[in-house]
2 protein chains.
Amino acid sequence: MRVLGVDPGLTRCGVGVVDGVAGRPLTMIGVGVVRTPADADLGSRLVAVEAGLERWLDEYRPERVAVERVFSQHNVSTVMGTAQASAVAILCASRRGIPVVLHTPSEVKAAVTGTGRADKAQVGAMVTRLLRLDAPPKPADAADALALAICHIWRAPAQNRLQRAVAEHAAARRSSSKGRTA
Amino acid sequence: MRVLGVDPGLTRCGVGVVDGVAGRPLTMIGVGVVRTPADADLGSRLVAVEAGLERWLDEYRPERVAVERVFSQHNVSTVMGTAQASAVAILCASRRGIPVVLHTPSEVKAAVTGTGRADKAQVGAMVTRLLRLDAPPKPADAADALALAICHIWRAPAQNRLQRAVAEHAAARRSSSKGRTA
């Protein structure tokens, strides 16, 4: 499975592509940052984020896009820009029919470090180790994007099992309620 | 000047097109709502908002797009969806090179009713009067979109004067500082 992780932001939008399946060594395919100038108007910045992400989707053709889930409670001053950049990422992927999954920062930290309260340095160190890199990817937004992709690859089997169980439960309920009404 | 007002939202995104200039009677050209199903996934909803707004831009060719400015302080439960829908609106307009202006809800209410604390009914009543309609546009999101367009048409002359003054001031400072360094 090839996953593009996106750590959304207007000033720096982290992007990282990882290939692999749960339980096997993972491979980093690409990593980088889409930047937009802080003094540009919001519309130009969103257009630039869209163009940047389209290039990554064109070049790497991911099967899934994992985007950090934005909460309105945190970082009130920057949350609007983050929410708007995430909307562009979700839109670009969905327009191509690529499934989008949102992961919270705690889920990502827990997946790669074992604790949801890990700091940036711990996440960077684990991403470096898991992808067998020579040094932590810089800036932190790029490392976070790779961590999102890793988190998604590792959680996907559990999510699939959960979805299958929910679907089977719903099907069983439908057939049992049909039995009652027949 | 033709302005498309957008009251952003995922469930109901209000859209309204108004023609006119400040100080003259205004004309409503179109009004409506772009809806997306609440049970669809976020990606599909953003794609549907984009497709809906593209149709409005194609059909009405506005010279300006006025979008409600979203604040993270208010309505925490829905603010993320609103911010994401507004990002799509700003992106669609900016991609076409149409200038986008953001107005706060208070600015819009003050422009059409004289007070920033007006309620939905007051805004609807004034939109009906100003555009000489038979009845207030329904739902309220559609009326709000028209109010945004009206607000922009009326504020545009003042904004242009302000921008001109700022530009002249900056030019004067540049030439006076050149004078000093020469």
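Pro139(A) lies in the loop between H4 and H5 of chain A. In this predicted model, the peptide bond that joins Lys138(A) and Pro139(A) is cis, with omega about -10 degrees. Most peptide bonds are trans, and most residues other than glycine have a negative phi. Chain B has a cis bond as well, from Lys138(B) to Pro139(B), with omega near -10 degrees. Pro139(B) is found in the loop between helix H4 (120-130) and helix H5 (140-181) of chain B.

The elements on either side of this loop may be taken in turn. In H4(A), the buried residues are Val123(A), Gly124(A), Val127(A), Thr128(A) and Leu130(A). An α-helix has 3.6 residues a turn, so residues three or four places apart point the same way. Thr128(A) belongs to helix H4 (residues 120-130) of chain A. Thr128(A) counts as buried because its relative accessibility is 11%, and buried means under 20%. When residues up to four places away in sequence are not counted, Thr128(A) touches Leu133(A), Asp134(A), Ala135(A), Pro136(A) and Pro137(A). After H4(A) comes Arg132(A), whose phi is positive, near 50 degrees.

On the other side of the loop, Asp141(A) has its place in helix H5 (residues 140-181) of chain A. With a relative accessible area of 15%, Asp141(A) is buried. What does Asp141(A) contact, leaving aside its neighbours within four places in sequence? Its contacts are Asp7(A), Arg12(A) and Gly14(A). Asp141(A) and Cys13(A) are 128 residues apart in sequence, yet their C-alpha atoms are 6.8 Å apart in space.

Helix H3 (residues 105-113) of chain A contains Lys109(A). Lys109(A) counts as partly exposed, at 27% relative accessibility. Not counting residues up to four places away in sequence, Lys109(A) touches Gly114(A), Thr115(A), Gly116(A), Ala118(A) and Val123(A). From C-alpha to C-alpha, Lys109(A) and Asp144(A) are 9.1 Å apart, with their positions 35 residues apart in sequence.

These elements can now be placed in the chain as a whole. Chain A holds five helices and five strands, and along the sequence they follow the pattern β-β-β-α-β-α-β-α-α-α. Of its 182 residues, 45% count as buried. The C-alpha atoms of chain A fill a box of roughly 65 × 40 × 35 Å along the principal axes. Among the contacts in chain A between residues at least 6 apart in sequence, 63% join residues at least 24 apart.

A further loop has a backbone feature in both chains. Arg61(A) lies in the loop between helix H1 (42-60) and strand E4 (64-68) of chain A. The phi of Arg61(A) is near 45 degrees, a positive value in a residue other than glycine. Arg61(A) counts as exposed, at 56% relative accessibility. In chain B, Arg61(B) is in the loop between H1 and strand E4 (64-68). Arg61(B) has a positive phi of about 45 degrees and is exposed, with a relative accessible area of 57%.

The interior comes next. In soluble globular proteins, nonpolar side chains tend to be buried together. The largest nonpolar core has 48 residues, and those with the most contacts inside it are Val6(A), Leu53(A), Val6(B) and Leu53(B). Apart from this core lies another, of 18 residues, among them Val108(A), Leu131(A), Ala149(A) and Cys151(A). Leaving aside neighbours within four places in sequence, Leu53(B) is in contact with Val6(B), Cys13(B), Val15(B), Val34(B), Ala89(B) and Cys92(B).

Leu53(B) also helps to line the largest cavity, together with Leu4(B), Val6(B), Leu57(B), Val65(B), Ala89(B) and Cys92(B). Strand E1 (2-7), helix H1 (42-60) and helix H2 (76-95) of chain B each give two or more residues to this lining. Which classes of residue form the lining of the largest cavity? Seven are nonpolar, and there are no polar and no charged residues. The space in the largest cavity is about 30 Å³, and the structure holds one cavity of 30 Å³ or more.

Finally, the two chains may be compared. A rotation of 180 degrees, with 0.0 Å of shift along its axis, superposes chain B on chain A with an RMSD of 0.1 Å. The two copies are therefore related as by a two-fold rotation axis. In chain B, the C-alpha nearest the axis belongs to Gln84(B), 2.6 Å from it. The same surface serves both copies, as 100% of the contact residues of chain B recur in chain A.

Technical notes:
Residues are numbered from 1 along each chain as its sequence is written. Chains are lettered from A and ligands numbered from 1 in the order in which they are written. This is a predicted model: local features need pLDDT of at least 70, side-chain atom pairs count only at pLDDT 80 or more; totals for chains, interfaces and linings use all residues. Side-chain values use heavy atoms; hydrogens and water are left out. A nonpolar core is a set of buried Ala, Val, Leu, Ile, Met, Phe, Trp, Tyr and Cys residues joined through side-chain atoms within 4.5 Å. Buried means under 20% relative accessible area, exposed over 50%, partly exposed in between (1.4 Å probe, protein chains only). Contact means heavy atoms within 4.5 Å. On a 1 Å grid over the protein atoms alone, a cavity is a set of points where a 1.4 Å probe fits but cannot get out, and a pocket is an open set with protein on both sides within 12 Å along at least five of seven lines; lining residues have an atom within 4 Å of a point. Grid points are joined across faces, edges and corners, and a volume is the space filled by probe spheres set on the points. Helices (H or I, at least four residues) and strands (E, at least two) are DSSP runs, numbered from the N terminus. Ala, Val, Leu, Ile, Met, Phe, Trp, Tyr, Cys and Pro count as nonpolar, Asp, Glu, Lys and Arg as charged, and the others, Gly among them, as polar. Copies are superposed by least squares on the C-alpha atoms of residues with pLDDT of at least 70 in both.
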